[in-house]
Every structure is written in C-alpha cells, then in structure tokens.
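Biologist: I'm new to reading protein models. Could you walk me through this one, a feature at a time?

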Amino acid sequence: MTDAPDGRPRPADQWRHRGVRGSTIARDAAVRGWRWWARSWDRLVAALQDEAPVGSAAAPSPSGPLVEQRDAPRLIAVPARGYVYSFYIRATFAWSSPASLRSEVLSWYVQYFQPNAIQRLTRLAADAARDLPPHRAGDLEVALQRVLDEDPLWQYQRGDITLTCRPYAAVRLDERIMPALQPHVDRLVKLEYQFDEQIRKARYAEELSRRWTAILDDHTDDDDLADARDHMLTAHREAARWIADLLHRHANPSPEPTPTPRIPPQQTHPTPAPAPPAPE
C-alpha cells in the first residue's frame with residue numbers, strides 16, 4: 001500500500017497500527033495481572049499455613065524462638081502492714097513459645113495471657129508485703145525475687161499453643177512516706193560517710209605504724225631507736241585496751257553514774273635536763 005498524496009498513512013494502515021498497539025498493551029496488562037495474582041496467592045497460602053512469606057523481599061527468619069518483652073500497663077499496688085501505705089511494683093514479662101510463631105501471632109497470645117500473669121504476680125506480691133512495714137521496699141523486692149526464683153517460668157496454654165512467661169519485678173516506695181523517711185536516710189548517709197572516713201584513717205595509721213615498726217626493727221643495734229620502738233608498742237597496747245574498755249562500758253551501761261573517762265594514753269617523752277648556765 002502507498003501513502004496518500006499528502007504523506008499521511010491511509011485509513012486502513014491507521015486501523016492496523018492501532019490494533020497491534022492495543023493487543024500489545026492488553027498482553028502486557030495480562031502478564032502484570034498474572035504476576036500480581038501469583039504473588040498474592042503465595043502470600044495467602046503462607047498466611048494460612050502460619051509461615052513467613054517466601055520471596056526476595058522477605059526478611060531472614062531469626063534463629064530460635066521469638067521473645068516479646070512487655071511491661072505491665074501500670075504499677076501494681078499492694079498494701080503494706082497496717083493497710084495505710086502501699087508498695088508499688090513495676091512488672092515486666094518476657095514471653096516466648098517453643099513453637100515457631102510469627103510476631104503478630106505471638107503478640108496476640110501475649111495480649112490474651114498478660115492479665116493472668118499480672119494477677120498472679122499481684123497475688124504473690126501481696127502475700128510477701130502483708131507483714132512488712134511500708135518503708136521496707138528493699139526487703140519486699142528480695143522476698144519477691146526469692147519467690148520468683150523458685151518458679152521462674154510460668155506456662156499458659158490455649159489449644160495447641162503454649163506460651164512461657166518469665167516475670168521480673170522492681171519495688172518502689174509509696175510517695176506519701178518519702179518525706180518522713182528523708183531526714184533519717186540523710187542522717188544514715190552522713191554516718192556511713194563518717195564511718196568510711198574513720199576506716200580510711202585507721203588503715204592509714206595502721207600502715208604508717210607498720211612501716212615505722214619495720215624501720216625500727218632494722219636498727220635494733222641502736223639503743224635509742226630500740227627504746228623508741230618499745231615505747232611506741234607499749235603506747236599502742238594501752239590505747240587498744242582503753243578503746244576496748246570504752247566500747248564495753250558503752251555496750252553495757254551501769255545504772256550508777258558513769259565516772260569521767262580517763263584521758264587516753266599518749267606517748268610521753270622524757271623532759272630534757274636544763275642546760276647549764278653560760279660562764280660569765
């Protein structure tokens with residue numbers, strides 16, 4: 001066929017080109033639709049089989065069972081002795097399953113079983129806190145941890161699915177009792193600091209005394225140094241006896257008036273003789 005005199009294709013050729021282009025577009029659309037349907041079908045079959053979809057874009061499956069850690073939605077309050085103040089427990093549960101569950105399936109079962117775990121932990125904490133005064137949060141945490149160590153894994157089952165729960169608990173004081181405890185805690189901190197300071201000073205004095213004794217032992221031939229060493233050891237023994245006696249009287253006070261404690265022994269040195277007067 002030849003084109004029209006003005007250079008444009010004849011009407012028959014135009015319709016033929018349009019038909020070829022339309023069939024090509026329809027074929028490409030059918031191929032894309034078939035590929036999309038195949039991918040969707042594979043995902044649907046994998047979801048029904050409770051398996052992760054297999055494909056180039058699928059993430060690698062983690063090794064071992066999945067573990068989901070979830071906190072309790074709010075602090076667990078249990079009453080202390082007297083039922084005036086309470087202890088508050090921050091609970092965390094680590095959930096896992098021996099079966100190969102996907103993360104969303106595990107989350108659904110965790111959501112289902114978590115209220116039962118919270119109720120069980122609340123009952124255990126209430127039993128441990130019933131006889132404790134409200135300022136003994138540390139003792140409650142130790143007692144509760146001891147109970148959880150005896151049975152560390154809790155199991156829950158629904159149908160063929162079994163979940164394992166490991167609880168963790170941390171105890172907090174009632175905020176209403178903190179202002180009353182603050183002065184006593186500050187005083188204890190100050191006393192502990194002073195005690196540590198005295199221990200450091202005593203260790204330093206002991207080390208210094210040990211070094212001086214070693215130096216004096218190395219010069220036993222010198223009578224003056226030997227006398228100084230014996231005098232120092234004697235003074236140390238007297239000081240130790242005086243401290244022991246003072247501690248004994250403090251631990252066992254007598255009903256009679258306590259006499260004035262004697263002055264602790266101190267090292268005394270002989271007074272040197274006065275120098276002779278200078279000749280006139």
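Modeller: Sure! Let's begin with how the parts are named: helices (at least four residues) and strands (at least two) are DSSP runs, numbered from the N terminus. Keep in mind that this is a predicted model.

Biologist: Okay, so what pattern does the protein follow along the sequence?

Modeller: Reading along the sequence, you get α-β-β-β-α-α-β-β-α-α. That comes to 5 helices and 5 strands.

Biologist: How do I describe two helices that pack together?

Modeller: Two packed helices are described by the angle between their axes and the distance between the axes. Here, take helix H2 (residues 103-129) and helix H3 (residues 137-150): their axes come within 10 Å and cross at roughly 130°. That makes H2 oblique to H3, and their crossing is right-handed.

Biologist: Which residues of H2 and H3 make the contact?

Modeller: On the H2 side, they are Leu-121, Leu-124, Ala-125, Ala-128 and Ala-129. H3 brings Leu-140, Ala-143, Leu-144, Val-147 and Leu-148. Sort the residues of this contact by kind and you find 10 nonpolar, no polar and no charged.

Biologist: Now a single residue, please. Is Val-67 buried or exposed?

Modeller: The cut-off for exposed is over 50% relative accessible area. Val-67 has 59%, so Val-67 is exposed. You'll find Val-67 in strand E1 (residues 67-71).

Biologist: Which residues is Val-67 in contact with, leaving aside its neighbours within four places in sequence?

Modeller: Those are Ala-94, Trp-95, Ser-96 and Leu-106. You can also look at C-alpha atoms: Val-67 and Ser-107 are 40 residues apart along the chain, and their C-alpha atoms are separated by 9.9 Å.

Biologist: And what should I look for in backbone angles?

Modeller: Most residues other than glycine have a negative phi. Tyr-83 has a positive value, with phi near 55°. Tyr-83 sits in the loop between strand E2 (76-79) and strand E3 (86-96), and Tyr-83 is exposed, with a relative accessible area of 57%.

Biologist: Let's zoom out. How many of the residues of the protein count as buried?

Modeller: Of its 280 residues, 20% count as buried. The protein exposes about 21800 Å², and carbon and sulfur atoms supply 57% of that.

Biologist: What about contacts across the sequence?

Modeller: Take the contacts between residues at least 6 apart in sequence: 66% of them join residues at least 24 apart.

How values were computed
Residues numbered from 1 in each chain as written. Predicted model: local features only at pLDDT ≥ 70, side-chain atom pairs only at ≥ 80, totals over all residues. Heavy atoms only, no water. Axes fitted to C-alpha atoms, helices over the stretch in contact; angles between N-to-C directions. Parallel < 35°, antiparallel > 145°, perpendicular 65-115°, else oblique. Left-handed = near helix turned anticlockwise from the far one by under 90°. Contact = heavy atoms within 4.5 Å. Nonpolar A, V, L, I, M, F, W, Y, C, P; charged D, E, K, R; others polar. Buried < 20%, exposed > 50% of the residue type's maximum accessible area, 1.4 Å probe, protein only. Areas by Shrake-Rupley, 256 points an atom, 1.4 Å probe, with all protein chains shown as cover.
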